[in-house]
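Here are my comments on the model you sent round. Please read them with the coordinates open.

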Amino acid sequence: MPKLLYQGHGSYRLTADDGRIVYVDPSSGKGYDLPADLILVTHQHSDHNKISLCAQKDGCAILTNKDALAGGTHNSFDIEGILIQAVEAKSFLHSPKKCVGYIICIDGVKIYASGDTSRTKQMDTFAKMRLDYAIFPGTGLLSMGPKEAAECAKMIGAKHNIIIHLKPGALFDQKKAEKWEAPNKLIIEPGQEIVL
């Protein structure tokens, strides 16, 4: 089974069964020493796009919001069997023309990596995907807050829901995470790795 290491704020690392490494929105915390096979960036805010933090293998694939939205559509990618589908993301200061989320399928596990977003129309279609994990922001400043994230979690219906990106300038906010009223929630602290 693949693993997820939560690094803090909006950053996490996925490890496939065969050892391949995927970083999502690198910026915060520790754990960038394993050389990346793939790096995903949802948008170009500085707390999501520090690609240089990541050790990288020769031929590392880097997909940013610009690649994801090339041609004016939400593109899909097959990176040696790791399937990536860009999806809509938008909020008060996040233009849908410059931001994306991703549906990542790794070793058969489907993960919604929301990036910074509020509720989108496309989320109405996610329940039929039968997602295993949905990862939501919760600051309530430039993206959805905990209440909206809980509502989105109920609508999407993933098997497990994770809230991150809770407090600007901090890796995590435990109290805020504990109060989150989403179904099937998992609380993951920075530096903690779970088997998906």
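The numbered points below go from the overall fold to single residues.

1. **Status and fold.** This is a predicted model. The protein has 13 strands and three helices. Its radius of gyration is 15 Å, and the globule rule gives 16 Å for 196 residues, so the protein is as compact as a globular protein of that length. The C-alpha trace spans about 40 × 35 × 30 Å along the principal axes.

2. **Burial and contacts.** How many of the 196 residues count as buried? The figure is 52%. For contacts with a separation of 6 or more, 49% come from residues 24 or more positions apart.

3. **Surface and charge.** The accessible surface comes to about 8,900 Å². Carbon and sulfur atoms hold 52% of that surface. The protein carries 23 positive and 22 negative charges, and the mean positions of the two sets are 7 Å apart.

4. **Aromatic pairs.** Searching the whole structure gives five aromatic pairs. One of them joins Y112 and F126, with ring centres 5.0 Å apart. Why is this pair edge-to-face? The planes of Y112 and F126 meet at 65°, and the class begins over 60 degrees. In general, a pair of aromatic rings is described by two values, the distance of the centres and the angle of the planes.

5. **Where that pair sits.** Y112 belongs to strand β9, residues 109-113. F126 is in the loop between β9 and β10, the latter being residues 133-137. The two parts are 14 residues apart in sequence, so the pair ties them together. Both Y112 and F126 are buried. Y112 and F126 also belong to one aromatic cluster with F136 and W180.

6. **T120.** This residue is in the loop between β9 and β10. Is T120 buried or exposed? T120 has a relative accessible area of 3%, so it counts as buried; the cut-off is under 20%. Leaving out residues up to four places away in sequence, T120 touches E88, A89 and K90.

7. **N65.** Helix α1 covers residues 65-68, and N65 lies in it. N65 is buried, at 5% relative accessibility. Which residues does N65 contact, leaving aside neighbours within four places in sequence? One group is V41, T42, H43 and Q44. The others are K98, C99, V100 and Y102. H94 is 29 residues from N65 along the chain, and their C-alpha atoms are separated by 12 Å.

8. **Positive phi at H9.** Most residues other than glycine have a negative phi. H9 is not a glycine, yet its phi is positive, at about 50°. H9 lies in the loop between β1 (3-8) and β2 (11-15). With 5% relative accessibility, H9 counts as buried.

9. **Positive phi at D107.** D107 also has a positive phi, near 55°, and is a residue other than glycine. Where is D107 found? D107 is in the loop between β8 (100-106) and β9. Its relative accessibility is 35%, so D107 counts as partly exposed. By contrast, H9 is buried.

How values were computed
Residues numbered from 1 in each chain as written. Predicted model: local features only at pLDDT ≥ 70, side-chain atom pairs only at ≥ 80, totals over all residues. Heavy atoms only, no water. Helix = DSSP H or I, 4+ residues; strand = E, 2+ residues; numbered from the N terminus. Rg over C-alpha atoms; globule rule 2.2 N^0.38 Å. Buried < 20%, exposed > 50% of the residue type's maximum accessible area, 1.4 Å probe, protein only. Contact = heavy atoms within 4.5 Å. Areas by Shrake-Rupley, 256 points an atom, 1.4 Å probe, with all protein chains shown as cover. Lys, Arg positive; Asp, Glu negative; His and termini not counted. Charge placed at Lys NZ, Arg CZ, Asp CG, Glu CD. Phe/Tyr/Trp six-rings, centres within 6.5 Å; stacked < 30°, edge-to-face > 60°.
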